[in-house]
Amino acid sequence: MGELAPDNWHLVAGGWWPTASPTALSLTSGPLYTQDSMIDSALIPPGLEAEALGALASAADEAAIEAWRVQWLGRQDGRLTALLRSVKEQPVESRAAFGAAANELKRKLESALADRNEAIRKEALRELSTSAALDVTLPGRPQAIGRLHPVTQTMRDIVKAFEEMGFRVAEGPEVEWDRYNFDAARIPEDHPARDMWDTIWVNTLIDGKRSMLLRTHTTPNQIRVMERTPEPPIRVIVPGKCYRQEATDATHEWMLTQIEALAVGEGVRMSDLKGVLYGMARKLFGNDRKIIFHHSYFPFVEPGVEMAMDCFICRGSGSDCRTCHGTGWIEILGAGMVHPEIIDKAGYDSSKHTGFALGIGVERVALLRWGIEDIRHFYQNDLRFLAQF
Ligand code: PHE
């Protein structure tokens, strides 16, 4: 060993050891056995190592290897364990050297065992990859982690905005009676307002007549909630899916999500409705979006309004804008003061109790929020689209 010692290393018994290593320091007290040739054959029976390694090499499977391990390194009766145990019977002068030599042999056998195990494992994999039609060395497929659908995200944000204003959440059925969807909302059978929603009916006849449908709006829940509430005040929102037989386009889908809101109490006024709507819009869109109210007709409110926001595609300018149909505005909800007849039918007194109601199109809000140009993207389940939110 003629090399120059690197810093912090010093030469002990024929090898370089870092001075900082406690193992190395303790080893300086006796001879070191770091190479085959250094196992002192005067202390350890000659041929023992060769015998052990030979037996290991011919152990052909896991069971044979395990048997070998027990035979040589087993804690109870392993041959090497016995050798190590015999250290204390050695004469004092050679005891340390014997111990070191036996330990060194033990390390060698353990490392040979690990190598043999690894070789057998690789061999088994190699065999499997040729006998079975699969490549077991390929890395596994990463598990895709999902996320909330943009409509769900938007719905949750709207719900949160309303909850912060004191509204509670209720739910109603998607398959609805026509008397809730239409009649109770002041849309009688031959009323032209039924034309506003091309209805998807359930084919079952009850008393000779179709009376169940996929709800066309969440408005029937106004009636359902009032029926369950003996006395106002009411502050409730009802989110859910609705279905219409639509000729679909960039802003119309046959399935849509609505959130109905209903507030009934003494002295509830149109200005309260506007305040709530501004609050919600500010929360969702910040301060720099424009909002407009138009008068509108819904049989269950009087007066009725529609709320629209400035079109994010043409910013209100394009006459051929296909998103806002050239109007510059995108309608996101209908609203109004609950019709007094409905208040009275619920068993309240419309001279005392008034209310407002609104129904938000959640997909429309999501369109505006992210500048999505076509509502039909939402339910085509194209991951290239959905993974962007
Ligand atoms: N139900 C109406 C629709 O689906 C929206 C609406 C709800 C209007 C509540 C007024 C009050 O278009």
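Me: Helices (H or I, at least four residues) and strands (E, at least two) are DSSP runs, numbered from the N terminus; in which of these elements is the place of Val225?

Reply: This is a predicted model, in which local features need pLDDT of at least 70, side-chain atom pairs count only at pLDDT 80 or more, and totals for chains, interfaces and linings use all residues. Residues are numbered from 1 along each chain as its sequence is written. The chain has twelve helices and 13 strands, and Val225 belongs to helix 8.

Me: Is Val225 buried or exposed?

Reply: A residue is buried if 20 or more other C-beta atoms lie within 10 Å of its own, exposed if 12 or fewer, and partly exposed in between, with the C-beta atoms placed from the backbone. Since Val225 has 20 other C-beta atoms within 10 Å, it is buried.

Me: Which residues does Val225 touch, not counting residues up to four places away in sequence?

Reply: Two residues are in contact if their C-beta atoms, placed from the backbone, lie within 7 Å. Separately from that criterion, the C-alpha atoms of Val225 and Gly172, 53 residues apart along the chain, are separated by 9.0 Å. The residues that Val225 touches, leaving out those up to four places away in sequence, are Ala170, Ile234, Val236 and Leu262.

Me: Which elements do the buried residues of helix 8 pack against?

Reply: Seven of the nine residues of helix 8 are buried, so this helix is largely enclosed by the rest of the structure. The residues concerned are Pro220, Asn221, Gln222, Ile223, Arg224, Val225 and Met226. They pack against strand 4, helix 7, strand 8, strand 9 and strand 13.

Me: Where is Pro233 found, and what is omega for the cis peptide bond that joins it to Pro232?

Reply: Most residues other than glycine have a negative phi, and most peptide bonds are trans. Pro233 is found in the loop between helix 8 and strand 8. A second cis bond joins Glu302 and Pro303, with omega about -5°, and Pro303 is in strand 11. For the bond between Pro232 and Pro233, omega is about 15°.

Me: Which residue has a positive phi in the loop between helix 11 and helix 12, and which exposure class does it fall into?

Reply: His325, in the loop between strand 11 and strand 12, has phi near 55° and counts as partly exposed because it has 15 C-beta neighbours inside 10 Å. The residue in the loop between helix 11 and helix 12 is Asn381, whose phi is about 55° although it is not a glycine. With 9 C-beta neighbours inside 10 Å, Asn381 counts as exposed.

Me: How is helix 6 oriented relative to helix 9?

Reply: Axes are lines fitted to C-alpha atoms, for helices over the stretch in contact, and angles run from 0 to 180 degrees between N-to-C directions. The axes of helix 6 (residues 150–164) and helix 9 (residues 270–285) come within 10 Å and cross at roughly 135°. Angles under 35 degrees count as roughly parallel, over 145 as roughly antiparallel, 65 to 115 as roughly perpendicular and the rest as oblique. Helix 6 is therefore, relative to helix 9, oblique.

Me: Which residues of helix 9 do those of helix 6 meet?

Reply: Besides packing on helix 9, helix 6 lies across strand 3, strand 8, strand 9 and strand 13, running at about 5° to strand 9. On the helix 6 side of the contact with helix 9 stand Asp157, Ile158, Ala161 and Phe162. The helix 9 residues that they meet are Gly279, Met280, Lys283 and Leu284.

Me: Which strands stand at the edges of the seven-stranded open sheet?

Reply: Two strands pair if DSSP finds at least two bridges between them. The seven strands of the open sheet follow the order 3-8-9-13-12-11-10, with mixed pairing. Each edge strand has a single partner, so one of its sides is left without a neighbour in the sheet, and the two are strand 3 and strand 10.

Me: Which residue of strand 13 does Gly334 stand opposite?

Reply: Strand 12 is mostly covered, as eight of its ten residues are buried. Eight bridges join strand 12 to strand 11 in an antiparallel run, where Met309 stands opposite Ile330. Strand 12 also pairs with strand 13 in the antiparallel sense, over five bridges. In strand 13, the residue opposite Gly334 is Gly359.
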